[in-house]
Amino acid sequence: MMNRRYFLGSAIGAAAAVRPASANNKVSVGVIGLRGQGKGLAARFAQLPDTEVAYLCDVDQNVLERIAGEFEKRHGKRPKLVSDMRRIFDDKEVHAVVVATPDHWHAPAGILACAAGKDLYVEKPCSHNIREGRLLVEAARRYGRIVQHGTQNRSNATVRWALDQARSGRIGKLLMAKAWNVQLRRNIGRKPDSEPPPGVDYDTWIGPAQAMPFNENRFHYEWHWWWNYGTGDMGNDGVHQLDIAVWAMDAGPPERVSGMGKKLFFDDDQQTPDTMNITYEWKDKVVMFEMRIWSPYMLEGVDNGVGVYGTEGMIHIGRWKDYKGSVKFFDRQGKHVPHTDEPGEGESHHQNFVNCVRSRNAPNAEIAIGHASTIYAHLGNMVARTGRSLKFDAQTESIVGDAEAQRLVRRDYRKHWGTPTGV
């Protein structure tokens with residue numbers, strides 16, 4: 001397990017360009033990217049008693065003004081509004097930033113934030129590819145920053161308790177875990193390229209990614225389904241369940257990854273798979289991932305869940321509509337065993353981050369953990385894109401004996417101020 005202070009030392013004292021908030025002052029936060037998760041994160045941080053949302057940032061002026069108005073109405077204050085994230089990085093009064101942009105900006109923006117001396121809360125997945133995820137980890141170390149990954153189940157008291165139960169021997173020796181993402185998404189249809197809407201700084205939205213013409217089906221939210229910007233639903237939702245499954249098995253990087261991923265259902269503009277079945281292997285354990293985003297009937301009664309399987313029983317973790325708890329135990333015969341010892345929620349993921357900004361302790365989803373879990377999503381997507389099983393070298397974070405797959409460990413960037421060095 002991670003030492004809670006394992007990355008502390010001279011680096012934090014020497015490299016921190018912005019001092020953490022004192023015990024009597026609020027932690028000042030800037031939120032970058034305001035649709036979907038960004039809007040929700042701005043609200044959550046604003047609700048914390050020891051935190052102030054000082055900036056809201058988005059390249060779409062229409063979104064920026066609308067969310068700022070909603071924020072002011074709800075919280076009684078209008079933060080500073082900027083369309084260029086660098087204005088937040090330049091402000092020495094800002095202690096931390098929240099990055100909730102499209103995937104292709106997560107690591108580049110996070111690296112810039114660390115270099116500016118800001119602590120960082122970065123949404124999942126923490127990277128668009130394996131290489132830039134490693135660069136984000138290195139930036140956190142080099143600049144001595146606190147970096148929390150947005151896999152919030154790491155702070156969920158019930159999930160932590162369930163995995164403690166699994167590892168305690170309650171279901172025997174653990175042999176396998178399965179993560180699934182089985183839900184009903186929508187057909188996005190087909191749309192032609194067009195001019196960006198008024199008020200959108202599309203060049204900055206593209207950032208360091210390869211330039212493509214504007215298209216509504218590659219913009220708000222639909223960017224998830226394009227390899228140039230997103231990581232499909234495996235990187236969007238699946239990384240949450242994969243993180244729990246890997247955590248349950250106390251598994252390091254996989255030795256071999258196999259399976260399939262393709263479009264079976266949606267006849268539309270989406271590039272990324274709507275159906276996946278991926279297996280991660282070690283000598284003594286297995287983690288599986290199953291995805292069907294065209295399915296209205298879920299799996300084991302939940303759309304997103306995790307099963308942990310031992311020699312004497314199994315544990316399911318999910319959100320059931322007809323069941324009060326979020327954990328179910330089953331015995332060796334598959335019979336449900338009721339329990340009454342499930343804990344409450346505990347400290348929120350966002351509060352954990354703010355507490356660590358003050359204490360300089362490692363947060364629950366410290367970026368090394370986030371990067372390790374995100375690698376699973378990237379490897380699954382690489383199997384889908386190549387159609388082949390892959391061998392992964394954990395030491396070099398590279399693919400063994402497959403040049404095509406190895407090229408997907410990185411990406412091509414255009415010349416841009418946000419392009420990380422060392423890619």
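**Strands, cores and rings: a Q&A**

Trainee: How many bridges join strand β8 (residues 256–262) to strand β15 (residues 390–393)?

Mentor: Helices (H or I, at least four residues) and strands (E, at least two) are DSSP runs numbered from the N terminus, and β8 and β15 run antiparallel. Within β15, Val257 has Leu390 as its bridge partner. For two strands to pair, DSSP must find at least two bridges between them, and the number joining β8 to β15 is two.

Trainee: Before we go on, what pLDDT do local features need in this model?

Mentor: Residues are numbered from 1 along each chain as its sequence is written, and side-chain values use heavy atoms, with hydrogens and water left out. This is a predicted model: totals for chains, interfaces and linings use all residues, side-chain atom pairs count only at pLDDT 80 or more, and local features need pLDDT of at least 70.

Trainee: Which strands are the edges of the open sheet of ten strands?

Mentor: Let's walk across the sheet: the order is β14-β13-β12-β11-β7-β10-β9-β8-β15-β16, with mixed pairing. An edge strand pairs on one side only. That description fits β14 (336–337) and β16 (398–399).

Trainee: Is strand β11 (residues 304–310) largely enclosed or open, and how many of its residues are buried?

Mentor: Start with its partners: β11 is joined to β7 by seven antiparallel bridges, Asn181 pairing with Asn304. On to β12 (residues 313–317): five antiparallel bridges join it to β11, Val308 stands opposite Ile315, and the two strands form a hairpin with two residues between them. Buried means under 20% relative accessible area, exposed over 50%, and partly exposed in between (1.4 Å probe, protein chains only). β11 is largely enclosed by the rest of the structure because its buried residues number six of the seven.

Trainee: I noticed Lys178 in strand β7 (residues 174–182). With which side chain does the Lys178 side chain make a polar contact?

Mentor: Lys178 counts as buried because its relative accessibility is 18%. Contact means heavy atoms within 4.5 Å, and beyond its neighbours within four places in sequence Lys178 touches Met288, Glu290, Leu299, Gly305, Val306, Gly307 and Tyr309. A polar contact is stricter: a pair of N or O atoms within 3.5 Å, where within protein one must be able to donate a hydrogen and the other to accept it, and residues adjacent in sequence count only if both atoms are side-chain atoms. At 2.7 Å, the partner of the Lys178 side chain is the side chain of Glu290.

Trainee: Which helix gives the largest share of the largest nonpolar core?

Mentor: A nonpolar core is a set of buried Ala, Val, Leu, Ile, Met, Phe, Trp, Tyr and Cys residues joined through side-chain atoms within 4.5 Å. Here the largest one has 48 residues, and Tyr280, Phe289, Val308 and Leu379 touch the most other members. Its largest share, eight residues, comes from helix α9 (residues 232–249).

Trainee: Which residues of helix α2 (residues 37–47) are buried?

Mentor: An α-helix has 3.6 residues a turn, so residues three or four places apart point the same way. The buried residues of α2 pack against elements including β1 (27–32), β2 (51–57) and α10 (349–359). They are Gly38, Leu41, Ala42, Ala43 and Phe45.

Trainee: What is the angle between the planes in the aromatic pair of Phe45 and Phe353?

Mentor: Rings of Phe, Tyr and Trp (its six-membered ring) pair if their centres lie within 6.5 Å; planes under 30 degrees apart count as stacked, over 60 as edge-to-face and the rest as tilted. The whole structure has 16 such pairs. The rings of Phe45 and Phe353 are 6.2 Å centre to centre and edge-to-face, at 85 degrees.

Trainee: How many residues apart are Phe45 and Phe353?

Mentor: Phe45 is buried at 0% relative accessible area, and Phe353 also counts as buried, at 0%. Phe45 sits in helix α2 and Phe353 in helix α10, so this pair links distant parts of the chain, with a separation in residues of 308.

Trainee: Which ring does the charged end of Arg154 sit over?

Mentor: A charge sits over a ring if NZ of Lys or CZ of Arg is within 6 Å of the ring centre and within 35 degrees of the ring normal. Arg218 lies over the face of Trp226, at 5.0 Å from the ring centre. For Arg154, at 4.2 Å from the centre, the ring is that of Trp247.

Trainee: Which residue does a cis peptide bond join to Lys124?

Mentor: Most residues other than glycine have a negative phi, and most peptide bonds are trans. In this cis bond, omega is about -15 degrees. The partner lies in the loop between β5 and α6 (130–142), and the residue joined to Lys124 is Pro125.
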